[in-house]
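Let's take a walk through this protein together, starting with one residue in a loop and ending in the core. Have the structure open beside you as you read.

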Amino acid sequence: MGTLAGRRIVLGVTGGIAAYKAAELASRLKKAGAAVHVVMTHAATSFVTPLTFRTITDAPVVTTMWGEPRYHVEHIALAELAEIVLVAPATANFIAKAAAGIADDMLTTTVLATRAPLLLAPAMNTGMWENPVTQENVRRLTERGAQIIPPSVGQLACGAMGAGRLPEPAEIVAAVEEHFAKAQSLAGRRILVTAAGTEEALDPVRYLGNRSTGRMGYEVAAAAARRGAEVILVSGPTHLDTPAGVRRVNVRSARDMYAAVLAEYENADAVIKAAAVADYRPAETAEHKIKKTDGPLTLTLTRNPDILYELGQKKHGQILVGFAAETQNVETYAQEKLAKKNLDFIVANNVAEKDAGFGVLTNHVKIFFADGRAEDHPLMAKAALAGVILDHLEEALQKRA
């Protein structure tokens, strides 16, 4: 039997013309051995009848919260039995509701109640898909761990050409299979991730810092936990929430991070060093707030410990991944850092490039490997890039084993 044999999948079908493809999707999932439980919105029943899905899946089809219940407390029962909730097609309306936490029908209520992973296959007009509101809603859902199966580009039902087509059922099934294949691909592994910037105190009020929000490291930590790893996230100050299933260690300064990382390093299988650590700190920290004067203020700085270099020197089987955030000579500096710090691979980007630096949701990177390989990755969501990094990490772990 294949990857989906015996898997419990809740398939949400919303009200778009692409709902007709969901019948083939349900059929493919069922033939692959999955137990498929369909929840339809009221609008979806205008495109495809519930009888179609009941016949395909050999299971009750839920269309309302108010009819005769087929499960005990249906939305809770469905939420708990699901190993994955797949919504295909996912309309702009559904995505907006899910992002806002609205629960006004059986599908949105089930999605809000479940702890199962959420996969969405959006389908809509190009203008709706590209609308900043929709993109913001997608971002909010991916931040919470939802996986988006990107819509295809082609001719839409309205006759226009562009992004917004529901991917073919075979592609969606492949995405579901990949999810389950990766669900435990890092089980038994202990992954140490660092994230965010550090703060180096000048006085009780002020500090030297940088613009890192920590988003890249948090996306990596979340993705590693979803793949079954034990994840320790050593984080500088940030507004981001701790990802589900991750143990977070809060630090403030570079020296704090150095101590926390070294304490965890010995038992780690891999370290992904995404934090933007300050290279220097004030030589002295004032006991009280420094007051303004008429003249200039001179600061004396001293070097902070180089955490990544220390890890490279102490490496005894761990996979070590670094980041290089540069504004010029990106490839040269990244390759020098790769060699000097004894890394397995390094993720390099130009933080001066539009949409690829600090405080944004996307990144454009080039990955350099210790064996001389290099991969250039186009601009993509940091959540997607986290998956790329972990794919390479798994490859390195397998080779090391």
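Let's start with Ser-253: setting aside neighbours within four places in sequence, this residue is in contact (heavy atoms within 4.5 Å) with Thr-198, Glu-199 and Glu-200. You'll find Ser-253 in the loop between strand 13 (246-250) and helix 10 (254-265). Helices (H or I, at least four residues) and strands (E, at least two) are DSSP runs, numbered from the N terminus. Ser-253 counts as buried, at 13% relative accessibility. Buried means under 20% relative accessible area, exposed means over 50%, and partly exposed is in between (1.4 Å probe, protein chains only).

A quick word on where this comes from: it's a predicted model, where local features need pLDDT of at least 70 and side-chain atom pairs count only at pLDDT 80 or more, while totals for chains, interfaces and linings use all residues. Residues are numbered from 1 along each chain as its sequence is written, and side-chain values use heavy atoms, with hydrogens and water left out.

Now for some backbone oddities. Two residues here have a positive phi without being glycine, and the table puts them side by side.

| Residue | Phi | Loop | Relative accessible area |
|---|---|---|---|
| Ala-196 | near 75° | between strand 9 (190-195) and strand 10 (200-201) | 1%, buried |
| Asn-342 | about 60° | between helix 12 (330-340) and strand 18 (345-350) | 34%, partly exposed |

There's also a cis peptide bond to look for, joining Ala-88 and Pro-89, with omega at about 0°. Pro-89 sits in strand 4 (residues 84-90).

Next, the inside. A nonpolar core is a set of buried Ala, Val, Leu, Ile, Met, Phe, Trp, Tyr and Cys residues joined through side-chain atoms within 4.5 Å. Which members of the largest one touch the most other members? Out of its 36 residues, they are Ile-272, Ile-389 and Leu-393. Several elements give two or more residues to this core, including strand 9, helix 9 (215-226), strand 14 (270-273) and strand 17 (319-326). Helix 13 (382-400) is on that list too, and with eight residues it gives the most.

Try clicking on Leu-393. Leaving out neighbours within four places in sequence, Leu-393 is in contact with Ile-191, Ala-270, Ile-272, Ile-319, Val-321 and Phe-345. Apart from this core lies another, made of 32 residues, among them Val-13, Ala-19, Met-40 and Ile-84.
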